[in-house]
Amino acid sequence: MRKKWIVLVIAVVIIAVVIAIVYRKYINAPQPVSSADRAAVHIMPLPAEMKLTGKKLLLTVKLDVRLRCPDKQKKIEKAVQRFTERMGKLVPSGKQDMHSIPLEIYCNGDLADSLLSVEKESYDLKIKPRLIVLHAGGYEGVLHGLESLLQLVDNSTDTAFIPAAVIHDKPRYPWRGLMIDVCRHWIPKEVILRNIDAMAAVKMNVLHLHLTEYQAFRIESKVFPLLQEKGSDGNYFTQDDIREIIRYAAERGIRVVPEFDLPGHCTSWFAGYPGLATIPGQYVPDTTFGVLYPVMDPTREEVYRFLDRFFGEMASLFPDPYIHIGGDEVNPKQWNESEHVRQFMKEHNLQDAHALQAYFNRRLEEILERHGKKMMGWDEILSPALPKDIVVQSWRNQKSLFEAVRRGGNAVLSAGYYLDHKLPAGKHYSVDPEVLPGAVDIEPDSLHWKTYEITLDVTGNVLDGSLTIYGQPENLRGFVSIMNGRIAFPEAGLQDGNLVFSVQSDYGKIKFRLLQQGDSLSGKASLGVIGISVHGKLTGSDDLPGTLPPVLERIKPLSAEEKSRILGGEACMWSELVDSTTIESRIWPRTAAIAEKLWTPASLTRDTEDMYRRLAVTDKLLTGFGLQHHAHYIRQLEILAGGKDISSLKSFVDLLEEVKYYDRMRIYKNLTVRTPLNKVVDAAWPESYPARDFNRLVARFVTDPADSVRKDSLVFLLDRWSGIDVLLKPFATRSPQVAEVMPLARLLAELSATGIEAFNRSEKGNIPGNITEKMDSLALEAAKPVAGVLLAVDPGFQQLAELLAQNK
């Protein structure tokens with residue numbers, strides 16, 4: 001009997017231990033980086049695991065680097081030299097004595113077949129008060145470990161230090177890239193090299209160079225020299241330039257993937273070799289933007305012989321196993337109008353332009369394979385006709401990413417990471433490659449449904465789509481179809497007769513408020529500070545004869561095996577509206593947020609506020625290491641100021657943001673590659689951090705209007721801005737560019753003065769209705785773009801207007 005009790009007790013103990021382990025590991029598992037530890041550092045991207053010990057390594061002494069690496073000794077020595085030079089910028093040698101502490105570096109040899117392995121990039125750091133030990137999976141891991149050490153330096157006091165810690169780190173994804181378009185506007189080598197340094201600092205590892213376009217051919221071909229001689233304005237990378245870029249990048253753990261966009265986007269090819277084009281004639285590189293007509297002829301063998309020789313030359317120049325063939329936005333107009341193309345399609349049983357492009361891509365893939373390369377392309381290349389080992393770059397929406405990996409292929413995400421959309425870093429940070437926005441497993445209702453054809457007017461840019469609503473008033477749900485994708489919303493409500501719901505798009509949350517009147521639909525939507533006008537017409541419903549409910553494609557979550565084929569992502573910087581002086585301000589610092597999303601475990605990338613805290617420090621670090629985005633900003637303001645002191649101009653432009661997406665092309669008609677980029681919009685940032693701080697201050701004040709500290713802070717800012725229009729008048733008289741934005745300066749001044757008056761009146765009693773109405777009217781007017789910029793503090797003023805309306 002006693003034995004049975006002992007066995008029973010042991011069994012109960014074992015079960016309790018197992019339950020405790022399961023609970024701790026899977027249900028209440030501690031975060032690999034605690035909130036307290038992440039708040040104590042500024043490192044970006046955040047490591048996969050980090051534990052601070054509470055001690056410090058004081059940098060009053062020098063680091064004595066001791067290499068314990070069997071391979072790549074010289075490369076690592078150069079990396080250590082760069083590390084030492086950069087450490088010297090953070091901790092001047094004059095503050096260090098003659099003593100030293102060891103930094104021991106151990107690394108494994110090269111890993112076979114490790115191109116897409118994260119192990120070679122892994123590293124462990126043990127930082128003690130008198131010793132640092134770095135163990136790395138490979139050369140790249142050494143680089144990443146050294147970058148982390150630099151970012152851990154705290155030099156905010158007289159005595160710089162590194163917090164003692166234990167770090168185990170490796171990337172979430174093996175492909176963490178930045179695409180730079182050097183074609184629409186020329187981006188020279190020195191800018192590319194600076195961006196490589198910045199990429200290395202935030203542990204990005206793929207530089208994707210977009211080298212050919214309608215507007216220019218930016219790389220030297222010695223086999224076909226007319227490509228660059230007639231296809232460019234004289235600005236292009238020589239093959240020696242490319243070798244230098246590749247070598248420079250490789251030393252920093254970065255691969256270089258070239259893109260040659262085919263069969264569309266290729267007017268520059270035809271300038272020197274018109275026989276490649278579908279329609280005969282003389283061509284010159286295009287100067288306008290958009291999806292244009294010239295397209296390569298996929299029916300002629302001479303074209304494939306040309307491409308075979310060209311890609312043979314490029315394959316020997318670029319060592320990376322991947323070559324990107326573009327494949328996006330192929331305008332079929334010339335194919336449709338060509339008799340010989342139509343005949344070819346008939347003979348080869350090709351039903352449409354997509355099938356013809358798939359034929360072209362298959363031939364091109366065979367050429368690349370002969371030269372030892374694998375194909376990569378934008379999501380339009382997705383086709384069962386291509387091998388599974390190609391890489392699809394998903395740019396239109398994440399659905400194509402899911403489709404590619406479900407077919408057994410590999411994919412890289414760019415949808416949601418388009419830097420030229422000028423969205424806030426927080427929007428990019430919310431995009432996860434493994435989470436399909438709006439892919440909610442909603443239940444359709446064939447008995448209660450309505451479908452509307454809708455148009456969304458985004459400040460003049462009209463998008464067509466549809467809206468389907470299921471259910472009865474107490475259980476509404478549905479989806480929006482737009483831009484080749486569906487975004488579901490699991491619930492909707494009725495407020496004052498308006499249908500109210502939100503959808504999570506690739507670019508952030510879109511809030512809808514729509515009024516249904518008969519067969520019509522109208523109302524508003526908002527995406528951050530962007531206002532959207534919505535109109536619709538009923539096209540089907542459960543009580544409309546002859547109509548059927550749409551087929552709802554319910555998208556299941558990816559399996560673990562499918563997720564493993566998501567290689568990572570790439571931030572994309574297209575250059576229609578930037579040049580060599582403005583491109584860095586559009587790339588940085590926001591790209592650091594994307595870099596963290598692709599490196600750090602998903603569970604650690606949900607705190608947007610903490611990301612912004614560390615982003616501000618990372619921005620300063622990148623500037624100190626050579627990026628020119630802040631220096632160029634100041635120079636642009638100095639040019640606009642005509643030699644005058646820029647203080648007041650800067651305080652105003654600091655609060656502006658460039659309009660989002662491609663609104664600028666609507667505001668300024670007929671933009672070309674020759675249009676000067678010298679306006680205030682070119683100086684303005686894509687995201688205003690001072691404006692973000694103001695809007696957050698207002699949001700916190702609204703939750704507690706009795707907070708006198710926040711109120712005083714708001715009044716201080718409003719007082720500064722209330723006379724901004726007067727301060728800017730001298731600039732506006734000299735500069736037509738500044739004169740363009742004066743309407744926003746006047747609105748800011750008037751909003752600020754009205755806000756001060758409202759605060760003063762609130763201390764004496766109720767606020768008169770005319771003041772609240774004025775504030776509301778001004779805030780609505782200030783939401784409109786002027787001269788390509790937005791007043792980024794307007795959301796804060798709108799919140800203040802709402803608060804005042806409640807207290808009148």
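**Notes on the predicted model**

1. At 30% relative accessibility, Pro-387 counts as partly exposed. The cut-offs put partly exposed between buried, under 20%, and exposed, over 50%. Pro-387 is found in the loop that runs between strand E11 (374-378) and strand E12 (391-394). Its C-alpha lies 8.0 Å from that of Gly-409, with the two positions 22 residues apart in sequence.

2. A word on confidence. This is a predicted model. Mean pLDDT for the chain is 91, and 93% of residues reach 70 or more. Residues 1-28 need separate treatment: pLDDT stays under 50 there. The model gives that stretch 5 contacts beyond four places in sequence. Where pLDDT is low, predicted coordinates should not be read in detail.

3. Aromatic pairs come next. How many does a search of the whole structure find? The count is 27. One of these joins Phe-260 and Phe-310, edge-to-face, with 5.2 Å between the centres and 90 degrees between the planes. Phe-260 belongs to strand E9 (residues 255-262) and Phe-310 to helix H9 (residues 301-317), so this pair ties together parts 50 residues apart in sequence. Both Phe-260 and Phe-310 are buried.

4. Phe-260 also pairs with Phe-318. That pair is edge-to-face too: 6.4 Å centre to centre, with the planes at 75 degrees. Phe-318 sits in the loop between H9 and strand E10 (322-326), while Phe-260 is in E9, so the pair links parts 58 residues apart in sequence. Why does Phe-318 count as buried? Its relative accessibility is 1%, and the buried class covers values under 20%. Phe-260 is buried as well, with a relative accessible area of 0%.

5. These rings belong to one aromatic cluster: Phe-217, Phe-260, Trp-269, Phe-310, Phe-311 and Phe-318. The strand E9 residue Phe-260 and the helix H9 residue Phe-310 are therefore both members of a group that extends beyond their own pair.

6. Two charged side chains sit over rings. Arg-252 lies over the face of Tyr-248, at 3.5 Å from the ring centre. Lys-597 places its charged end over the ring of Tyr-429, 5.2 Å from the centre.

7. Glu-251 is in helix H7 (residues 239-251). Is Glu-251 buried or exposed? At 16% relative accessibility, Glu-251 counts as buried. Setting aside residues up to four places away in sequence, Glu-251 touches Lys-78, Arg-82, Tyr-139 and Leu-143.

8. Strand E3 (residues 100-107) has 6 of its 8 residues buried, so the rest of the structure largely encloses it. E3 has strand partners. It runs parallel to strand E2 (residues 62-68), and 7 bridges join the two. Asp-64 has Pro-102 in E3 as its bridge partner. E3 also runs parallel to strand E5 (residues 131-136), with 5 bridges between them. Here Glu-104 stands opposite Val-133 in E5. In a regular strand, side chains alternate between the two faces of the sheet.

9. Gln-357 lies in helix H12 (residues 353-370). Its relative accessibility is 6%, so Gln-357 counts as buried. Which residues does Gln-357 touch, leaving out those up to four places away in sequence? They are Pro-263, Gly-327, Val-330 and Trp-335.

10. Helix H29 (residues 794-807) passes a length check. At 1.5 Å a residue, its 14 residues should span 20 Å, and the end C-alpha atoms are 20 Å apart, so the two agree. Its buried residues are Asp-794, Gly-796, Phe-797, Leu-800, Ala-801, Leu-803 and Leu-804. An α-helix has 3.6 residues a turn, so residues three or four places apart point the same way. What do the buried residues of H29 pack against? Their partners are helix H23 (689-703), helix H24 (708-721), helix H27 (742-764), helix H28 (769-782) and strand E24 (789-791).

11. Gln-806 also lies in H29. At 62% relative accessibility, Gln-806 counts as exposed. Its C-alpha and that of Ile-187 are 52 Å apart, and the two residues are 619 apart along the chain.

Key. Residues are numbered from 1 along each chain as its sequence is written. This is a predicted model: local features need pLDDT of at least 70, side-chain atom pairs count only at pLDDT 80 or more; totals for chains, interfaces and linings use all residues. Side-chain values use heavy atoms; hydrogens and water are left out. Rings of Phe, Tyr and Trp (its six-membered ring) pair if their centres lie within 6.5 Å; planes under 30 degrees apart count as stacked, over 60 as edge-to-face and the rest as tilted. Helices (H or I, at least four residues) and strands (E, at least two) are DSSP runs, numbered from the N terminus. Buried means under 20% relative accessible area, exposed over 50%, partly exposed in between (1.4 Å probe, protein chains only). A charge sits over a ring if NZ of Lys or CZ of Arg is within 6 Å of the ring centre and within 35 degrees of the ring normal. The expected span of a helix is 1.5 Å times one less than its number of residues. Contact means heavy atoms within 4.5 Å. Two strands pair if DSSP finds at least two bridges between them. pLDDT is the predictor's confidence in each residue, from 0 to 100.
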